[in-house]
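Thank you for asking me to look through this model with you. Please keep the structure open while you read, so that each point can be checked by eye.

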Amino acid sequence: MADTNGFGPEGDSKEPAPGLISALDLERLSVPSSDTGKPKMSPEREQKGFSVVHRRQIGLSNPFRGLLKLGSLERRGPMGIWKEFSCELSPLELRLFLDHEDRICVETFSLLRCESLALTHSDGRFELVFLGKKLFLRAPSRDEAEDWLDRIREALRKWRPQLEEEDWETLEYSENGGEAQPIQGDSGALQHSEVPGNSLDWTPAPEAEQDAIKEAVLYMDVDKTWVPFIFSLSLETLKCFKIRNNDKILSNSYGIETIQDILPDTSLGGPSFFKVITSKAVLKLQAENAEEAASWRELVREVLMSYLESAEEALTLGGSLDGHSQVVLKNIVKENGFLLQYLVAIPMEKGLDSQSFICAGCSRQIGFSFARPKLCAFSGLYYCDSCHQDEETVIPSRLIHNWDLTKRGVCKQALKFLTQIRNQPLIDLKLVNESLYEHVERMGRILCSREQLKLLGDYLIMCRSGALKELSKRLDHRHYLLECPHKYSVADLRQIADGVFETFLQSLLQFASHHVYSCDLCTQRGFICQICNSSDIIFPFEFDTTTRCSECKTVFHRDCHTRAPSCPRCERRQRYQQRLEASTEPSL
């Protein structure tokens, strides 16, 4: 008699001799037969030369009570590097531990959210998909990988009794890395009430959207039924239209920023099937043919990459950020990447209809007949009252472009984003809006103070007295203030709006200048005015009384430089260069 999980030896098998237990006789993946009620061997297992011995089938107790399997697996990271973990499989979840005595659990995956599983290579690689997130694992051998997959299927059948063995499709990947091919047997793809066939209507709409890059009919899985929709892809959104009386009616709209990935999904029925994973839902789609499906996947990926690149370009990243800032920014882009574009650009309110009357945070219905919509002043999107609780802050883009210091209501997602990046110098005002220095007197004074602080920092960096350490403490981890006078963080902009940033800069200038004037090492790096030849030591950060030559950077008294026709040091260098050229000319 089969056990409660549907596993057990075949009913008419003979008793094996002691010590000569055959795995094929002891363990067969069985499915209840509608005729006899007895378990019968799966045809898929008959084709394979390997099956797993379950201890309880031969009367042995489970030494790890509550666990289905325990062992070591390698997981592939985002950079393609494999790392070993200790793994525990329970009836409800898969747990990954760091492989040492402390056994720290680094991640847990609920089997209730497992969408699919597949053996991907004969060397023991297999993959699990949890709500669109792929987990790439590698066992020591193919047999061990199949054992893990069998145990996971066992747990899934227990908690999903409606899914029998025939509801699963086992994918085998070819050795040359080609497309996965399903092993044909009694098992097939997940059954839908209506499966698309060749008789479907692929006639496009008479008139495409003006901003459409691609527009075509796709069939979407809606409650196990394949329904035709017109999908229109633009640089900003993926729109879904219903067809009524030959007219297009907007059914849903997915911003490019919400699209996480687009993948082929042959388990739905063939190479023309694919799915779009968004932050709101997973769209299971079918194109007219495999070439059309590949075209959709390629275009969506290109639009997504273009969006991410444009969002990053607006922030002048490149090599200007230190390693920690770059790591922080990459993590933020991954989580809330679509908000980057609003950091330096004032958002345009597009209206509730562009969001299909759905909250941009949780996909809840909002509108006059539902929850009251609330506008986020940072992103220009609408949210429900759960995702937007009227918390206020200064909007960086409005301060940069309009000198608007008013605090406005933002959603929780935007507030979290601004909190995460508040100390990172992501905004280069010289590139975003340099004219702000000219039109706003306060910003002009701040620029002057920032340039003075940078010059003073050059002196303290070269000084061996240790004054730089004290200045670093006063900077409060804002070392970029000594590197570039145009870089600002969100925290800086907030302090500018509150009127305390200038006071903060003046305190730094006072400390640094006092050290330079009193330090013997720093004063030796001062200048003597070469026009009046006064014995007074002058410094380049004394903007009120000194000026610098734009060519050789020599420092002069401002009044002396105004009266002098040209820079005396540049004249000497020019005369020296002429004599050098004259001496090297060959004699005639």
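The numbered points below go from the whole chain to its sheet, a helix, two loop residues and the cysteines.

1. Please bear in mind throughout that this is a predicted model. The secondary structure of the protein comes to 16 helices and 28 strands, and of its 588 residues, 43% are buried.

2. Two further totals describe the whole protein. When contacts between residues at least 6 apart in sequence are considered, 51% of them join residues at least 24 apart. The protein exposes about 32100 Å², and carbon and sulfur atoms supply 50% of that area.

3. In what order do the strands of the open sheet of seven strands lie? The order is 15-14-13-12-18-17-16, and the pairing is antiparallel. Strand 15 (247-255) and strand 16 (259-264) each have a single partner strand and stand at the edges, so one side of each is left without a neighbour in the sheet. From one strand to the next, the twist averages 35°.

4. Within this sheet, strand 13 (residues 225-233) and strand 14 (residues 237-244) run antiparallel and are joined by four bridges. If you would like a pair to find on the screen, take Phe-231, whose bridge partner in strand 14 is Cys-240.

5. Strand 18 (residues 282-286) is joined to strand 12 (residues 214-222) by two bridges, and these strands run antiparallel; here Met-220 stands opposite Leu-285 of strand 18. Strand 18 also pairs with strand 17 (residues 273-278), again in the antiparallel sense, over five bridges, and in that pairing Lys-275 has Lys-284 of strand 18 as its bridge partner.

6. The loop between strand 12 and strand 13 contains Lys-224, a residue other than glycine whose phi is nevertheless positive, near 65°. With a relative accessibility of 45%, Lys-224 counts as partly exposed, because that class lies between the limits of 20% and 50%.

7. Lys-553 can be described in a similar way, in the loop between strand 27 (546-548) and strand 28 (555-557). Its phi is also positive, near 65°, in a residue other than glycine, and at 45% relative accessibility Lys-553 counts as partly exposed.

8. Does the length of helix 10 agree or disagree with what its number of residues should span? Helix 10 (residues 441-462) has 22 residues, which at 1.5 Å a residue should span 32 Å, and its end C-alpha atoms are 33 Å apart, which agrees. Buried residues in helix 10 include Met-443, Ile-446, Leu-447, Leu-453 and Leu-456, and Arg-450, Gln-452 and Tyr-459 are also among them.

9. How many disulfides does the structure hold? The number is zero. Cys-549, for example, is in no disulfide, and the nearest cysteine sulfur, that of Cys-570, is 3.6 Å away; a disulfide would require the two sulfur atoms to be within 2.5 Å.

10. Are Cys-549 and Cys-484 buried or partly exposed? Cys-549 has a relative accessible area of 7% and is buried, whereas Cys-484, with a relative accessible area of 21%, is partly exposed. The value for Cys-484 deserves a careful reading, because buried means under 20%.

Note on methods:
Residues are numbered from 1 along each chain as its sequence is written. This is a predicted model: local features need pLDDT of at least 70, side-chain atom pairs count only at pLDDT 80 or more; totals for chains, interfaces and linings use all residues. Side-chain values use heavy atoms; hydrogens and water are left out. Two strands pair if DSSP finds at least two bridges between them. Axes are lines fitted to C-alpha atoms, for helices over the stretch in contact, and angles run from 0 to 180 degrees between N-to-C directions. The expected span of a helix is 1.5 Å times one less than its number of residues. Buried means under 20% relative accessible area, exposed over 50%, partly exposed in between (1.4 Å probe, protein chains only). Contact means heavy atoms within 4.5 Å. Accessible areas come from the Shrake-Rupley method with a 1.4 Å probe; for residues, only the protein chains shown count as cover.
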